[in-house]
Amino acid sequence: MNTVRKITKKEMRRNDPSLASTPDEIMKWEIAKELGLYNKVLDNGWRSLTAKESGRIGGILASRKKNSSTVKPSD
């Protein structure tokens, strides 16, 4: 039996890539696209992802943040 859940305005904003306001949110959407999860998130929201999919996105995000902070410009 499928139940229909009411989506709040806050969730709608969170599930709209054009409204991503922080660099982390933008990067999260880019990673979802790279992993082929973009349409799933657009259609059903971030809650539709499995723990494995969410963890994969989070792991890649953390790795990229770590790599970007360790890169130092050469003089």
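Begin by selecting K28 and W46 in this predicted model, where the charged end of K28 sits over the ring of W46, 4.5 Å from the centre of that ring. Keep W46 on screen and add W29 and Y38, since the next stop concerns rings: W29, Y38 and W46 are linked into a cluster by ring pairs. A search of the whole structure finds two aromatic pairs, and one of them joins W29 and Y38 in an edge-to-face arrangement, with 5.6 Å from centre to centre and 75° between the planes.

Are the two partners buried or exposed? W29 counts as buried because its relative accessibility is 6%, which is under the 20% cut-off, whereas Y38, at 22% relative accessibility, counts as partly exposed. Now select K33 as well, and you will find it lying over the face of Y38, at 4.6 Å from the ring centre.

From W29, turn to L42, which belongs to helix α3, residues 38-44. Leaving aside residues up to four places away in sequence, L42 touches N15, P17 and W29. Although L42 and N15 are 27 residues apart in sequence, their C-alpha atoms are 6.2 Å apart in space. L42 itself is partly exposed, with a relative accessible area of 36%.

For the last stop, select A20, M27, W29, I31, A32, L37, V41, W46, L49, I57, I60 and L61, the twelve residues that make up the largest nonpolar core. The elements giving two or more residues to this core are α2 (23-34) and α4 (51-70), and α2 gives the most, with four residues. Both W29 and W46, met earlier in the ring cluster, are among the residues of this core.

Terms used:
Residues numbered from 1 in each chain as written. Predicted model: local features only at pLDDT ≥ 70, side-chain atom pairs only at ≥ 80, totals over all residues. Heavy atoms only, no water. Core = buried A, V, L, I, M, F, W, Y, C linked by side-chain atoms within 4.5 Å. Buried < 20%, exposed > 50% of the residue type's maximum accessible area, 1.4 Å probe, protein only. Contact = heavy atoms within 4.5 Å. Phe/Tyr/Trp six-rings, centres within 6.5 Å; stacked < 30°, edge-to-face > 60°. Lys NZ or Arg CZ within 6 Å of the ring centre and 35° of its normal.
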